[in-house]
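Let's take a walk through this model together, starting where the chains meet and ending at a single lysine. Have your viewer ready.

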Amino acid sequence: MTTPEYNHCVRELADGLYRFACKSIGDSEEAKDMVQQAFTVLWEKREEVPPDKGKSFLFTIAYRKCMDVHRARERTTDTERLHENFLSEQPKTNDLKKILQKALATLDTQSRDLVMLKDYEGYSYEEIATVTGLNTTQVKVYLHRARKILKNYLVSKEHVI
Amino acid sequence: MNLSNENIEEYLLLLADNELDQAEENEVRAFVAQHAAYKPMLEAYLATRLDTTESFIFPDKESLLRSGPTVLPLRKTNVKPLKLAAAVAVLLGMGVAITLMFTTDQPANHDKEVVVKNSVIKKTIVPLTKTVKTTAVFAQVSKQSNTIGINNNKHSKAANNNIHNIVAYTTPLKQKQQVPVHLASASVNEIVVDAAIQPQTIAIINETQSQEREHTPLPEWLPVTNENLQGVNDLVAHIQTLKERIQEKTQSLKNTTFVIRFGDKQISIGK
């Protein structure tokens with residue numbers, strides 16, 4: 001990967017990586033540091049990374065760092081509060097999106113990351129498996145399970161659907 | 001796909017995950033349209049998709065950019081590669097030709113061996129190492145030795161002492177091999193004798209006086225020109241033959257009595 005190719009990755013992927021980190025750990029400042037760390041590692045290993053593998057390389061680093069953050073916290077209750085606070089700070093577009101964000105916050109870290117990788121970045125099951133280190137079947141099962149949880153949260157009688 | 005009530009939810013999840021192609025999605029939607037009970041399930045799963053229109057901008061993105069060495073691209077030329085290769089090949093050929101023209105390759109002619117073939121024997125005429133002037137010489141046969149002296153002086157008797165006795169290497173007629181024949185001219189002070197030669201007759205080569213000799217044109221009857229010394233050995237052999245015949249004739253004449261008759265009278269001359 002040349003310097004221009006690296007800079008192209010910065011311009012194209014920095015926002016999406018930041019969104020993923022923010023949504024995963026619920027802290028924008030920590031998410032910003034995580035993005036900077038991910039791009040630093042990419043720059044240091046740019047000669048080993050092909051240009052078409054830049055996105056998966058960055059999200060793999062971000063995913064592992066998010067998992068490290070979550071393991072360091074190890075308190076689900078605190079994580080949920082962080083997500084609730086984070087979601088309350090987001091601009092309120094409509095109720096459905098807000099409820100969905102709350103539903104997302106109820107998922108475990110891994111499932112939430114899988115849903116975000118699927119919906120925000122458009123990764124396939126195989127690409128998510130590469131980023132997360134899971135196999136394709138596991139990705140499919142975890143995602144379907146997460147979707148059911150989200151659906152049940154949305155259709156429960158307390159919520160919109 | 002074989003959609004049924006048992007597997008429809010799995011296909012709805014695949015649809016929500018965007019893992020179906022357009023044809024498969026159309027088939028699932030068609031099934032749901034035919035089975036209205038599954039419509040709320042489809043809408044609920046589609047609602048679980050996260051909103052991608054939400055804007056997230058990484059602050060200070062410029063701080064992530066890196067600068068590398070400036071790469072200057074090669075300017076494109078209109079010269080086709082084939083023409084360029086042809087031009088390079090022509091230049092290389094010209095360089096090789098010029099190099100060959102200015103390299104020294106052959107030694108001086110007088111250091112060469114000239115092979116002269118004749119009908120009788122094969123001899124090699126080796127020119128002298130020093131500069132040889134025109135062979136304007138007068139060939140003289142010596143009675144005492146089978147040598148041929150080349151006298152450059154018109155007055156042969158007076159120039160006897162100044163005669164170059166050439167070394168005539170003769171070989172038998174049967175022996176056909178190349179032997180060098182050394183020729184002398186008036187301007188030569190030294191005559192090189194090839195030690196590898198096995199001559200039949202060898203004459204002593206006398207060095208000439210320091211005085212220069214005049215070059216006398218060869219007689220016309222000599223089968224050799226000033227420019228071409230080929231056939232000199234043939235001349236030597238021919239002269240030898242003539243000498244022998246003259247001797248025989250002379251001897252026969254000495255032994256011959258001539259009788260002249262005038263009518264009844266006769267006169268005898270001879271022995």
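What follows covers the interface, then the core, and then one residue.

This is a predicted model, in which local features need pLDDT of at least 70 and side-chain atom pairs count only at pLDDT 80 or more, while totals for chains, interfaces and linings use all residues. Residues are numbered from 1 along each chain as its sequence is written, chains are lettered from A and ligands numbered from 1 in the order in which they are written, and side-chain values use heavy atoms, with hydrogens and water left out.

Let's begin at the interface. Chain A brings 40 residues to the contact and chain B brings 28, where contact means heavy atoms within 4.5 Å. Between them, about 3200 Å² is buried, with carbon and sulfur atoms giving 63% of it; this buried area is the accessible area (1.4 Å probe) that two parts lose on being put together, summed over both. In chain B, the residues that lose the most area to chain A are B:Leu50, B:Phe56 and B:Arg66, together 24% of what that side buries.

Charges meet here too. The rule finds five salt bridges across the interface of chain B and chain A, each a side-chain nitrogen of Lys or Arg within 4 Å of a carboxyl oxygen of Asp or Glu. A:Lys118 and B:Glu19 form a salt bridge through their side chains, at 2.4 Å from N to O.

Now look inward. The largest nonpolar core has 69 residues, and those touching the most other members are A:Leu17, A:Phe20, A:Phe39, A:Leu42, A:Val115 and B:Val28. Such a core is a set of buried Ala, Val, Leu, Ile, Met, Phe, Trp, Tyr and Cys residues joined through side-chain atoms within 4.5 Å, and buried means under 20% relative accessible area (1.4 Å probe, protein chains only), with exposed over 50% and partly exposed in between. Helix α1 of chain A, residues 3-25, gives the most to this core, with 11 residues; helices here are DSSP runs (H or I, at least four residues), numbered from the N terminus.

Finally, back to A:Lys118, which sits in helix α6 of chain A, residues 109-119. Why does this lysine count as buried? Because its relative accessibility is 6%. Beyond its neighbours within four places in sequence, A:Lys118 is in contact with residues including A:Tyr123, A:Leu143, A:Arg147, B:Asp17 and B:Glu19. A:Ile128 is 10 residues away from A:Lys118 in sequence, and their C-alpha atoms are 7.5 Å apart.

Technical notes. Helix = DSSP H or I, 4+ residues; strand = E, 2+ residues; numbered from the N terminus.
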